[in-house]
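This report describes a protein model through its pocket, its cores and selected residues. The sequence and structure are shown first.

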Amino acid sequence: MAPINVTEMNSVQLHQSRMAMLSESIKSIAFKKQQITKEYEKGDEVEVTSQELGFIGSYYTATIICSTGDDYYRIKYKTLLTDDESELLEDVFSAAEIRPVPPHQHETMSENGFRLYDMVDVFDNDGWWFGFISAKVGDEYYVYFPTTADNIAYPPYALRFHQEWSNGKWIFLPRQ
């Protein structure tokens, strides 16, 4: 019988524990609605999120077309098309499902790089998906998405640090 490497076993348990903790944290963020801290105007660039199963934890870029009253807005997606793919899709969202587009991060990313357990958004399937870095293999980062239970490899250019819109300003979540 081979001896058990206690350090290796503890490392695996620690990794699994951190993954479980981050998964719960991301799920709680993904399932909450945004605070309504901003009124949007025609032409504003925004990101919209959905609480629809299969899309929880994703953000899609859009433009405000108009207010429909009672904190609802008609938007036009920038990356999603109608079923016949003839034009950009339009939809109506509550203000609690809309946030401004986060600031550009190229300077931040090149200075800090990504690390294991960083909370990130990944551009995939025409939108930004919220997850965390679970591993790095070669030049690719594996990102785990707790809302879909997928663990997928991506090149660094597809990632951005996740930010939350809170009290009218953008905040980075603390590194784990």
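## The second largest pocket

Strand S4 supplies the largest share of the lining of the second largest pocket, 3 residues. Strands here (E, at least two residues) and helices (H or I, at least four) are DSSP runs, numbered from the N terminus. A pocket is defined on a 1 Å grid over the protein atoms alone, as an open set of points where a 1.4 Å probe fits, with protein on both sides within 12 Å along at least five of seven lines; lining residues have an atom within 4 Å of a point. The second largest pocket holds about 190 Å³ of space, a volume being the space filled by probe spheres set on the points, which are joined across faces, edges and corners.

The lining comprises 13 residues, and those closest to the pocket centre are Ser50, Glu52, Phe55, Tyr77 and Phe93. Two or more lining residues come from each of S1, S3 and S4. By class, the lining has 7 nonpolar, 3 polar and 3 charged residues; Ala, Val, Leu, Ile, Met, Phe, Trp, Tyr, Cys and Pro count as nonpolar, Asp, Glu, Lys and Arg as charged, and the others, Gly among them, as polar.

## Model and overall organisation

The model is predicted: local features need pLDDT of at least 70 and side-chain atom pairs count only at pLDDT 80 or more, while totals for chains, interfaces and linings use all residues. Residues are numbered from 1 along each chain as its sequence is written, and side-chain values use heavy atoms, with hydrogens and water left out.

The secondary structure consists of 2 helices and 12 strands, which follow the pattern α-β-β-β-β-β-α-β-β-β-β-β-β-β along the sequence. Of the 176 residues in the protein, 38% are buried; buried means under 20% relative accessible area, exposed over 50%, and partly exposed in between (1.4 Å probe, protein chains only). Among contacts (heavy atoms within 4.5 Å) between residues at least 6 apart in sequence, 50% join residues at least 24 apart.

## Nonpolar cores

A nonpolar core is a set of buried Ala, Val, Leu, Ile, Met, Phe, Trp, Tyr and Cys residues joined through side-chain atoms within 4.5 Å. The largest such core has 25 residues, and Val48, Ile75, Ile98, Val122, Val143 and Leu159 have the most contacts inside it. At least two residues of this core come from each of S1, S2 (58-69), S3, S6 (119-124), S7, S8 (140-145) and S10 (159-161). S3 gives the most, with 4 residues. Another core, of 11 residues, lies apart from this one and includes Tyr59, Met119, Trp128 and Phe132.

Beyond four places in sequence, the contacts of Val143 include Val120, Val122, Ile133, Ile152, Tyr154 and Leu159. Ile133 is found in strand S7 (residues 127-137) and counts as buried because its relative accessibility is 1%. With the same sequence neighbours set aside, Ile133 touches residues including Phe114, Leu116, Val120, Val143 and Leu159. Ile133 and Tyr154 are 21 residues apart in sequence and 10.0 Å apart in space, C-alpha to C-alpha.

## Buried residues with polar or distant partners

Thr49, in strand S1 (residues 45-49), is buried, with a relative accessible area of 6%. Its side chain reaches the backbone oxygen of Ser58 at 2.9 Å. Outside its neighbours within four places in sequence, Thr49 is in contact with Ser58, Tyr59, Phe93 and Glu97. Arg160, in strand S10, is buried at 9% relative accessibility, and its side chain makes a polar contact with the side chain of Glu47 (3.0 Å). A polar contact is a pair of N or O atoms within 3.5 Å; within protein, one must be able to donate a hydrogen and the other to accept it, and residues adjacent in sequence count only if both atoms are side-chain atoms.

Ala95 is found in the loop between S4 and strand S5 (98-100) and is buried, with a relative accessible area of 2%. Among residues over four places away in sequence, Ala95 touches Ile36, Asp71 and Tyr73. Ala95 and Thr37 are separated by 58 residues in sequence and by 8.8 Å in space, C-alpha to C-alpha.

## Positive phi in two loops

Most residues other than glycine have a negative phi. Glu85, although not a glycine, has a positive phi of about 60 degrees. Glu85 lies in the loop between strand S3 (72-81) and strand S4 (88-94) and counts as exposed at 60% relative accessibility.

Asn167, also not a glycine, has a positive phi of about 55 degrees. Asn167 is placed in the loop between strand S11 (163-166) and strand S12 (169-172), and is exposed, with a relative accessible area of 59%.
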